[in-house]
Amino acid sequence: MLLRHDNAHARLSPAGNALGLVPDTRMASINASQSELASLLERLDSTRIQPQDSANALLAGLGSSPLTEAQTLSQLLRRPEVSLRELLPIIADDFSRYSYETLSRAEIETKYAGYILRQLRDIDKRRYLEETSIPEDFLYDDLEGVAIEAREKLSRLRPASLGQASRIAGVSPSDISVLSLYVKAAGR
């Protein structure tokens, strides 16, 4: 969800600009687009739709349940059958100033916010595993709660980090959790 084609320019252009491959004028345009997206996402989170006949008629036409209480546009967009383009007729604010690309990206980011957040947490966890080193003299035989096969492989291969240990066949995620606790205790 993070590595989508619609956000590639925003993710990669700063590195390209630092290398001199992306001109400053293009970078300014990308930064303006990112600001526009942030502004729109903020508006989607703050614009509330009241349960009124026009909104409920539109939602019924889309096969969605009617509103019983006010909801933000973000909440409505998380419904699978609702798109931002279809909501525009009931929105009092003028959203026409946003480009099609910005509207599309905002809709994707809103609909998949939960999945994106989960991926960000996974990335943080992987980064932690890669950055947590295991002392060279660590005694794997002393690990309680780790499978015997995992202890043998860890002792033989002697990974330098928890990330390397997690990629060893036969070492389970629960083994890594226990190893992580022992490594933290050894570091104290």
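A residue is called buried when its relative accessible area is under 20%, exposed when that area is over 50%, and partly exposed in between. The exercises below apply these words to a predicted model.

**Exercise 1. Decide which residues of helix H3 are buried and which are exposed, and describe how the buried ones are arranged.**

Step 1. Helix H3 covers residues 53–61, and within this stretch Ala 55, Asn 56 and Leu 59 are buried.

Step 2. Looking down the axis of H3, we find its buried residues within an arc of 95 degrees, so they line one face of the helix.

Step 3. The other side of H3 carries Asp 53, Ala 57, Ala 60 and Gly 61, which are exposed.

Step 4. The cover over the buried residues of H3 includes strand E1 (48–49) and helix H4 (73–77).

**Exercise 2. Find the residues with the most contacts inside the largest nonpolar core, and follow one of them to its neighbours.**

Step 1. The largest nonpolar core has 19 residues, and those with the most contacts inside it are Leu 40, Leu 44, Ile 49, Leu 73, Leu 87 and Phe 95.

Step 2. Two or more residues of this core come from each of the following elements: helix H2 (24–46), H3, H4, helix H5 (84–87) and H6.

Step 3. Take Leu 87 as the example: when its neighbours within four places in sequence are left aside, Leu 87 is in contact with Leu 58, Leu 73, Leu 76, Leu 77 and Val 82.

Step 4. There is also a second, separate core of 16 residues, and among its members are Ile 134, Leu 154, Ile 168 and Val 178.

**Exercise 3. Classify Ser 74 and Ser 161 as buried or exposed, and list what each one touches.**

Step 1. Ser 74 is found in helix H4, and because its relative accessibility is 2%, it counts as buried.

Step 2. Not counting residues up to four places away in sequence, Ser 74 touches Leu 44, Asp 45 and Thr 110.

Step 3. Ser 161 is placed in the loop between H8 and H9, and with 6% relative accessibility Ser 161 counts as buried.

Step 4. With the same exclusion of residues up to four places away in sequence, Ser 161 touches Leu 129, Glu 130, Thr 132, Ser 133 and Ile 134.

**Exercise 4. Explain what stands out about the phi angle of Arg 158, and say where this residue lies.**

Step 1. Most residues other than glycine have a negative phi.

Step 2. Arg 158 has a phi near 50 degrees, which is a positive value in a residue other than glycine.

Step 3. Arg 158 lies in the loop between helix H8 (148–157) and helix H9 (162–166), and its relative accessible area of 35% makes it partly exposed.

**Exercise 5. Compare where the partners lie in two of the five salt bridges of the structure.**

Step 1. The side chains of Asp 124 and Arg 127 meet in a salt bridge, with a distance of 3.3 Å from N to O.

Step 2. Both Asp 124 and Arg 127 lie in helix H7, three residues apart, which is about one turn of the helix.

Step 3. Arg 167 forms a salt bridge with Glu 130, and their closest N and O atoms are 2.4 Å apart.

Step 4. This pair links distant parts of the chain, since Arg 167 is in the loop between H9 and helix H10 (173–187) while Glu 130 is in helix H7, 37 residues apart.

Step 5. Arg 167 is exposed, with a relative accessible area of 54%, whereas Glu 130, at 41%, is partly exposed.

How values were computed
Residues are numbered from 1 along each chain as its sequence is written. This is a predicted model: local features need pLDDT of at least 70, side-chain atom pairs count only at pLDDT 80 or more; totals for chains, interfaces and linings use all residues. Side-chain values use heavy atoms; hydrogens and water are left out. Buried means under 20% relative accessible area, exposed over 50%, partly exposed in between (1.4 Å probe, protein chains only). Helices (H or I, at least four residues) and strands (E, at least two) are DSSP runs, numbered from the N terminus. The arc is that of the directions from the helix axis to the C-beta atoms. Contact means heavy atoms within 4.5 Å. A nonpolar core is a set of buried Ala, Val, Leu, Ile, Met, Phe, Trp, Tyr and Cys residues joined through side-chain atoms within 4.5 Å. A salt bridge is a side-chain nitrogen of Lys or Arg within 4 Å of a carboxyl oxygen of Asp or Glu.
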